[in-house]
Amino acid sequence: MAFDLSEFGVTPAGQDAVRPFAVEGLDVRGRAITLGPVVDSILERHAYPEPVSRLLAEAIVLTCLLGTSLKFQGRFTLQTQTDGPVSMLVVDFSSPEAIRACATFDAELVAAVIEAGEATPERLLGRGHLAMTIDQGKHMQRYQGLVELDGISLEEVARRYFARSEQIPTEVRLAVGELYTRTQGGGPNHKWTAGGVMVQFLPEAPERMRQPDLDPGDAPAGADVHIIDEDDAWVEAKALVDTVKDVELTDPSVSVEELLFRLFHERGVRLFDPQPIADQCNCSREKVKGILTSFSAEEVEQMTVDDKIVVKCEFCSASYEFDEI
C-alpha cells in the first residue's frame, strides 16, 4: 500500500536520521532509521571483508536506535568481546548525532567461515559478551549493561537486554543492503545501506507489561516455568514488525515514514521530530598528543620509527605524526 505523505503533512526525514514514533492504539513507542552515506562512508573507509562490514553495519544501526534515546548530552557505546572470528565490535555514539565504529577480526578465520558458507552474524561473533555503556559525562556515574553472546543475533541481544535490565518488552529488526549502480563512465558503483526499527510496549498499566519467565537455565529438569499470556496489543505490534522485509529497511526509495504508515496506519501512528546521524569521530591531534605524553621515554623510543611516531585512529583512520621531542 502506497501513501502520499504530503496528505498527512509529513516531510520525510531522509537517510541518516532516526524517526521516533508512537502507536497509541497499541501502547507502543519506537524508533526507525535508514542509513545511507553515513554507514557507507564508515564501511568503505575500513574496507573490511563483506560479512564483517555487514555485522558492523547492524551494530551501527542498533547503536543509533538506542543512542538517540538519550535525554542528555553523553555517550552510548556498544562493544562486543568474543571468541569468534570477529573478536570485537565497537560503536560509539556521542549525542546528539555523532557515530563512529570499528571492528577487530582474524582475517584467516573470517576467510575460513566465508569459504565454508557459515559467515552468519552468530557464527562471526561466537561466544562472549556485549556491553552497552552509558556515559553521562564528568561527575556522573556510568551505567553498563551486559548481555551474554551465545550464538545469538544482535536483534536477540536487544530483546534480552531490555527484558532483563529494563523489563520492557522490545522487538527489533535490523537489515543491511548493498546498492550497485553504474557511474557516468559505465563502471560499477557500490554503496552500503542499512536500516532498522525498534518497538517497545509501554502501557500505562504496568501489570500489562508482564512477560513470560526467561529460560530457567540451571533449574532442575522438569521445573515449572511461569507462563504468562502476552498482552494482545503487544502480540499485534510484534506481528506487524515481523512482516517487515529487509528490502523495506534498506531501499532508499522507501522512507521510514512510509514504512511506519504501512505498518500501523490502521492503529494510527504519530511521528516525532527526526534526529540526524553524522559520521563524526572525536579524535584530535591534541588528544593523541596528551596520550603520548603519558608514556615513559623508553615506551616512546619503542614507538619511534625513522625519528617519527605515527598514530592511526582505529575509528576514522586519521593519522597523526609526531617527532620524538
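Begin with the whole protein chain in cartoon view, where the secondary structure comes to 10 helices and 14 strands (DSSP runs, numbered from the N terminus, of H or I over at least four residues for helices and of E over at least two for strands). The radius of gyration, taken over C-alpha atoms, is 22 Å, close to the 20 Å that the globule rule gives for 325 residues, so the chain is as compact as a globular protein of that length; the rule is 2.2 Å times the number of residues to the power 0.38. This is a predicted model, in which local features need pLDDT of at least 70, and side-chain atom pairs count only at pLDDT 80 or more, while totals for chains, interfaces and linings use all residues. Residues are numbered from 1 along each chain as its sequence is written, and side-chain values use heavy atoms, with hydrogens and water left out.

Next, colour the chain by burial: buried residues make up 45% of the 325 residues (buried is under 20% relative accessible area, exposed over 50%, partly exposed in between, with a 1.4 Å probe and protein chains only).

Now select residues 50-67, helix H2, whose 18 residues should span 26 Å at 1.5 Å a residue, and whose end C-alpha atoms are 25 Å apart, which agrees; the expected span is 1.5 Å times one less than the number of residues. Of these 18 residues, 16 are buried, so H2 is largely enclosed by the rest of the structure.

Finally, move to Phe295, in the loop between helix H9 (285-292) and helix H10 (297-303). Phe295 is partly exposed, with a relative accessible area of 33%.
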